[in-house]
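User: I have a model open and want to learn how to read its features. Can you take me through them one at a time?

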Amino acid sequence: MKSKKHERLAYRLSDIIIRLNAGERLDIFELADTYKVSTRTLKRDFQDRLTVLDFRESGPQFYLLNPKSIGYLNVDDIKRFANFASVQELLPQIDRQFFHQHLNQSILVKGYDYEDIQERRQDFEAINKAIRGCHYIEFDYYKISDSPTYNRRKKYRLAPYHLLNKNGIWYVVGQTHDRTKTFCFTQISNLQVNTETFECYEDIKKEIVTTDSLFFGNQIKEIVVQVNAKVAGYFERRDLLPNQNLIRRLENGDLLLACKDVHPKEVIPIVQYWIPHIRVISPNTLNKDLEATITKYLMEI
């Protein structure tokens, strides 16, 4: 229920920002009628959630951006900003602080739930500063293993590009040995920020920002799934699969969807959740692995 509430809020804020960014002068009474909310709610939007925007008029009735700020935001900026604004009340203080660093390009949010990292505030701030200054970081990383006796701790030197929150978990994404890798923030220890700097490449930044995947360099080019018409509406309203793209709608109402450049671990759990209304079409090896997993499960219950 909370997730739906914050999705509606994010949609409203996105729409408001898009209209402001286009140069519209917004009337709070007209907005109340459009979004079916009270003027009190809208005032909270402008005075609390959108306070960092550069307003020329800021109420009580009309809202308008300064001319120099009109057209400044692109689609990705608006989406990122609206997501932050819609959930800031849920965030620990450390995350609200970073939200108020308007449209901070080093921090990405993809989701509506957040882990509390207040105790790691210094490390979080240090990494964020290293990203902005293009400084290498070094740290010990403990990779969780199925075997409690197997120590998977390893030292890394990383060129950090982004702090990413995916489904409530904070990750550090960067380059090490010319490969883009993702590290769970809470599994990082003994952090050190080097004075040495690295060259930040725009194509790498773009790849990290635009993909829903956390597995860089180990993705499958394309996974195709068929979604039953009975649940197709859920997948049409918003992307439930990572890097979801519509191939076509079949005559019976089913959807053929493609997930491009993703790891099977990011797709298969979602497919399992929606069984029997969804199935893997290709690659066939992935479908056979899924069938084997289901068969084994049924034999053991």
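Analyst: We will go through salt bridges, a pocket, a surface patch and some backbone details. Keep in mind that this is a predicted model.

User: Let us start with charges. How many salt bridges are there by the rule used here?

Analyst: The rule looks for a Lys or Arg side-chain nitrogen within 4 Å of an Asp or Glu carboxyl oxygen. The count here comes to twelve salt bridges.

User: Take one case. Which residue forms a salt bridge with E57?

Analyst: The partner is R25. The closest N and O atoms of the two are 2.8 Å apart. This pair links distant parts of the chain, with the two positions 32 residues apart in numbering terms: they are 32 residues apart. E57 sits in strand β2 (residues 55–58). R25 sits in the loop between α1 (2–21) and β1 (26–27).

User: Are those two residues buried or exposed, and what are their relative accessible areas?

Analyst: The scale has three classes: buried is under 20%, exposed is over 50%, and partly exposed is in between. E57 has a relative accessible area of 24%, so E57 counts as partly exposed. R25 is at 46%, so R25 is partly exposed too.

User: Which residue does R120 meet in a salt bridge?

Analyst: R120 meets D123, at 2.9 Å from N to O. D123 has a relative accessible area of 21%, which means partly exposed.

User: And where does the salt bridge of E196 and R157 sit in the fold?

Analyst: First the contact: the side chains of E196 and R157 meet at 2.4 Å, N to O. E196 lies in strand β9 (residues 188–197) and R157 in strand β6, so the bridge ties together parts that are 39 residues apart in sequence. Both ends are partly exposed: E196 has a relative accessible area of 43%, and R157 has 34%. Look for shared partners as well. Salt bridges with partners in common join E138, R157 and E196 into one network.

User: Now pockets. What is the volume of the second largest pocket?

Analyst: The volume is about 760 Å³. To read a pocket, go from its size to its lining. The second largest pocket is lined by 21 residues, and the closest to its centre are Y141, K143, K181, T182 and F215. Next, ask which elements supply the lining. Those that give two or more residues are β6 (153–166), β7 (169–176) and β8 (179–184).

User: Which element gives the largest share of that lining?

Analyst: That is β8, with six residues.

User: What classes of residue line the second largest pocket?

Analyst: Sort the lining by side-chain class. There are ten nonpolar, five polar and six charged residues.

User: What about the outer surface? Which residues make the nonpolar patch?

Analyst: A patch groups nonpolar side chains that have over 30% relative accessible area and lie within 5 Å. Here I275, I294, Y297, L298 and I301 make a patch of about 500 Å². Consider I275. Its place is in the loop between α9 (264–274) and β13 (278–282). The relative accessible area of I275 is 38%, so I275 is partly exposed.

User: How far apart are Y35 and L9 in sequence and in space?

Analyst: Compare the two separations. Y35 and L9 are 26 residues apart in sequence and 10.0 Å apart in space, C-alpha to C-alpha. Y35 lies in helix α2 (residues 28–35). At 13% relative accessibility, Y35 falls under the 20% cut-off and therefore counts as buried.

User: On to the backbone. Which peptide bonds are cis?

Analyst: Read omega for this. The bond from G59 to P60 is cis, with omega near 10°. P60 is found in the loop between β2 and β3 (62–65). The bond from S282 to P283 is also cis, with omega near 0°. P283 lies in the loop between β13 and α10 (284–300).

User: And phi: what is the value at H177 and at N243?

Analyst: Check the sign, then check that the residue is not a glycine. H177 has phi near 55°, a positive value in a residue other than glycine. N243 has a positive phi of about 50° and is not a glycine either. H177 is in the loop between β7 and β8, while N243 lies in the loop between α8 (232–237) and β11 (244–249).

User: Is each of them buried or exposed?

Analyst: H177 is at 76% relative accessibility, so H177 counts as exposed. N243 has a relative accessible area of 14%, so N243 is buried.

Definitions and conventions. Residues are numbered from 1 along each chain as its sequence is written. This is a predicted model: local features need pLDDT of at least 70, side-chain atom pairs count only at pLDDT 80 or more; totals for chains, interfaces and linings use all residues. Side-chain values use heavy atoms; hydrogens and water are left out. Patches are made of residues with over 30% relative accessible area and no salt bridge: like charges are joined within 9 Å, nonpolar side chains (Val, Leu, Ile, Met, Phe, Trp, Tyr) within 5 Å. Accessible areas come from the Shrake-Rupley method with a 1.4 Å probe; for residues, only the protein chains shown count as cover. Helices (H or I, at least four residues) and strands (E, at least two) are DSSP runs, numbered from the N terminus. Buried means under 20% relative accessible area, exposed over 50%, partly exposed in between (1.4 Å probe, protein chains only). On a 1 Å grid over the protein atoms alone, a cavity is a set of points where a 1.4 Å probe fits but cannot get out, and a pocket is an open set with protein on both sides within 12 Å along at least five of seven lines; lining residues have an atom within 4 Å of a point. Grid points are joined across faces, edges and corners, and a volume is the space filled by probe spheres set on the points. Ala, Val, Leu, Ile, Met, Phe, Trp, Tyr, Cys and Pro count as nonpolar, Asp, Glu, Lys and Arg as charged, and the others, Gly among them, as polar.
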